[in-house]
Amino acid sequence: MSTAEPIVPTEPTAKVVKPPGFIRWWGFIALFVFILLVAVIAPLVIQAWVKRKIVNGLASQGWKLADPDALSVSVFSARVGGEALKVQLITTGEDVVSMDRLNAQLALGDSWHLNDIVIQELAIEGLSGSLRRGPDGRVKAVEPDEPAKPDAKPGTPIDWQKLYQQGMDQYQKYSEKKKAEQEAAKNKPSETTKKPERPAPEFDVDWPKAQRYQPIPTEGRHIPRVVVRRLAVSGKGLPLPDESVFDITSFALEGTNVALRQDVGERMTLNAKVQTKGAGEISLAVVRKEDDTGSLSFQAPAVPLSALDSPAIGGGLANSGLAGTAAVVSDNTWTGWLLDGDLTAKLTGLTLTPNANTDDHLRQAAPIINALKGRTISWPVKLGGTLVKPTITDSGLQRVIADNQDALKDALKEAAKAKLEEEKQKALKKGEEKLNDAVKDQIQKNPEAQKAVDAGKDALKGLFGR
Amino acid sequence: MFLLYRLLRNLIKALASDAAPWQLFLGTFLGTLLGFLPIFPLGYGPSPLALILIALVFILNVHLATVFLFLGVTKLLTQVLHGPALLIGDSLHDMAANCADIPFLNASLWSHTGYLGLTVLGFCFAPLFAILMYRFALYFRLHLRDKLTAKMKAMRAGQIIDKPWLVRPVCWFFGL
């Protein structure tokens with residue numbers, strides 16, 4: 001490489017030019033100003049766009065933000081937040097949901113790296129709303145555009161089983177798809193040790209014959225998913241579609257790695273504590289692992305059994321005059337679809353007051369149950385079957401009988417005595433009626449006896465002046 | 001065309017200007033590279049590598065006219081090099097596939113066989129053009145410029161010189 005001088009003066013008098021510096025400072029400043037301008041303009045443009053997306057998303061559900069300015073979107077910190085947010089129905093302006101504070105923080109690095117939507121934190125404080133059914137049978141908050149349901153008047157039983165079934169059907173669909181993928185991978189043993197397959201390259205319409213290769217998808221999934229790394233939601237109140245003691249007065253929900261589809265080695269936890277209007281605190285803990293195993297614990301230490309008297313809640317147990325409290329504890333685990341669980345209910349002060357609408361079986365059981373005089377009964381039930389269709393594998397009745405043998409004996413004796421007394425009274429009444437009929441018959445057949453009766457009646461008339 | 005002419009004139013003036021040869025070298029290098037690299041192909045979005053190079057063009061004290069000239073010229077050149085670029089890209093399909101797994105290179109379209117071929121061509125031509133430019137700048141300043149200046153002075157003094165019809169426009173063109 002030549003080391004010649006950069007400038008060769010043409011004349012001896014030519015001035016010596018200072019060698020140029022390596023950095024163009026005006027370019028540096030111009031670039032800095034440009035970035036600064038982008039930084040100033042981006043929030044105005046992109047944030048407004050994101051906000052409009054959110055507002056349009058709500059509008060598609062028939063909802064609107066009461067005060068759109070309360071919602072803040074920050075592009076640089078990848079955050080959506082807000083204070084005193086209220087979501088209302090577009091049609092009537094009724095409040096659907098309100099929250100004191102919202103903070104949704106996107107994990108940009110993870111989202112980029114995993115090709116997912118990774119929400120680092122989703123925190124909602126002071127969430128409140130209403131799921132109460134209106135006079136026309138609709139739950140306005142979730143089905144504002146649905147036609148009125150005249151057959152779903154207040155008090156119509158909520159089909160919890162149907163709701164559970166719908167959720168499980170969705171989960172089953174996903175799980176079956178995942179299993180099919182795993183089976184397909186197993187059937188190709190030579191490929192299991194290799195990386196997942198690269199998708200076929202795409203051809204470029206603007207450049208025929210050129211093709212673009214696609215990245216190898218992350219092991220175990222091919223479609224971006226939404227995952228919440230830390231979930232914290234606390235609320236003030238959430239009335240359920242039908243008024244009952246289970247109406248939620250406050251709740252707290254915490255979770256980690258909350259996602260429908262889990263990544264390899266991921267562990268999802270979800271803990272909920274719910275304060276109800278009349279059923280005390282109910283807690284729920286779910287742990288779910290990517291290998292299709294998990295556990296679910298449920299505790300409701302003070303459920304008033306009178307709540308089950310309502311057809312909307314109790315179903316077949318309704319109208320039985322149930323009284324007492326139940327402390328329910330349930331621990332369940334699942335592997336694949338197979339469920340293995342225990343449900344123990346401690347029933348205290350249990351009594352039944354059947355009426356005309358009470359189920360026949362309950363009416364028959366009422367004397368025995370009432371004869372127990374509200375003593376505490378521990379009722380362990382074994383659950384099994386599958387997650388989609390849980391079944392009771394052991395009703396625990398034998399255990400209840402064994403634990404309460406003496407009391408049940410007394411109760412049965414009492415019931416038998418009562419039954420005997422009832423039968424005795426019935427027989428006596430029947431005998432008396434038969435005797436009366438026989439006497440009447442004899443009197444009608446015998447004219448002498450008839451005369452004596454008539455004479456007696458006349459005597460009585462004379463005596464009382466009638 | 002007028003713009004191209006202006007750019008070309010600016011470049012040639014640069015040879016006689018105060019721009020240091022290394023500025024011309026870097027300007028040619030970056031301009032050629034930017035010409036061959038995809039910057040913002042429709043349907044793919046901006047290439048991060050190209051954006052970094054553009055930022056470097058403004059931050060480093062390179063000769064801007066040289067950059068724009070070579071960028072324009074090589075952009076035109078790439079239109080006729082699609083075939084060879086595709087041949088090169090196809091022969092490097094393993095590299096393209098591996099680049100697809102590196103987000104930065106994937107976004108810079110190194111996973112696209114056509115653009116990868118052009119990028120490889122860019123990395124071959126850029127140093128070549130830059131060295132040629134550097135050598136020509138030195139040659140012009142050390143040998144050609146003094147001769148042309150002397151001939152121009154002689155012409156102005158009324159002396160008869162060889163090929164005056166050539167010296168005059170060349171001096172005008174170089175801004176001497």
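Colleague: Where does B:C124 stand, buried or exposed?
Modeller: B:C124 is in between: its relative accessible area is 47%, so this cysteine counts as partly exposed. Please keep in mind that the model is predicted.

Colleague: And B:C99, buried or exposed?
Modeller: B:C99 counts as buried, because its relative accessibility is 5% and the cut-off for buried is under 20%.

Colleague: How many disulfides does the structure hold?
Modeller: Over all chains, the number of disulfides is zero.

Colleague: Let us turn to the fold. What helices and strands does chain B have?
Modeller: Chain B has nine helices and zero strands. Its pattern along the sequence is therefore written with helix symbols, α-α-α-α-α-α-α-α-α.

Colleague: What about chain A?
Modeller: The secondary structure of chain A consists of nine helices together with 16 strands.

Colleague: How many residues are there in each chain, and what part is buried?
Modeller: Chain B has 176 residues, of which 49% count as buried. Chain A has 466 residues, and 31% of them are buried.

Colleague: What share of the contacts in each chain joins residues 24 or more positions apart?
Modeller: Taking contacts with a separation of 6 or more, the share is 74% in chain B. For chain A, counted at that separation of 6 or more, it is 50%.

Colleague: Now the interface. How many residues are in contact there?
Modeller: On one side there are 44 residues of chain B, and they are in contact with 31 residues of chain A.

Colleague: What area is buried between them?
Modeller: About 3,200 Å² is buried between chain B and chain A, and carbon and sulfur atoms give 61% of this area. In chain B, the residues that lose the most area to chain A are B:F58, B:I59 and B:N61, which together give 16% of what that side buries.

Colleague: How many salt bridges and polar contacts cross the interface?
Modeller: The rule finds zero salt bridges between chain B and chain A. There are, however, 14 residue pairs in polar contact, with both residues at pLDDT 80 or more.

Colleague: Which elements of chain B give two or more residues to that side?
Modeller: They are α2 (21-36), α3 (48-59), α5 (82-91), α6 (93-100), α7 (103-107) and α8 (113-156) of chain B. The largest share, 12 residues, comes from α8(B).

Colleague: How do the residues on that side of chain B divide into nonpolar, polar and charged?
Modeller: The side of chain B that touches chain A has 25 nonpolar residues, 12 polar ones and seven charged ones.

How values were computed. Residues are numbered from 1 along each chain as its sequence is written. Chains are lettered from A and ligands numbered from 1 in the order in which they are written. This is a predicted model: local features need pLDDT of at least 70, side-chain atom pairs count only at pLDDT 80 or more; totals for chains, interfaces and linings use all residues. Side-chain values use heavy atoms; hydrogens and water are left out. Contact means heavy atoms within 4.5 Å. Buried area is the accessible area (1.4 Å probe) that two parts lose on being put together, summed over both. A salt bridge is a side-chain nitrogen of Lys or Arg within 4 Å of a carboxyl oxygen of Asp or Glu. A polar contact is a pair of N or O atoms within 3.5 Å; within protein, one must be able to donate a hydrogen and the other to accept it, and residues adjacent in sequence count only if both atoms are side-chain atoms. Helices (H or I, at least four residues) and strands (E, at least two) are DSSP runs, numbered from the N terminus. Ala, Val, Leu, Ile, Met, Phe, Trp, Tyr, Cys and Pro count as nonpolar, Asp, Glu, Lys and Arg as charged, and the others, Gly among them, as polar. A disulfide is a pair of cysteine sulfur atoms within 2.5 Å. Buried means under 20% relative accessible area, exposed over 50%, partly exposed in between (1.4 Å probe, protein chains only).
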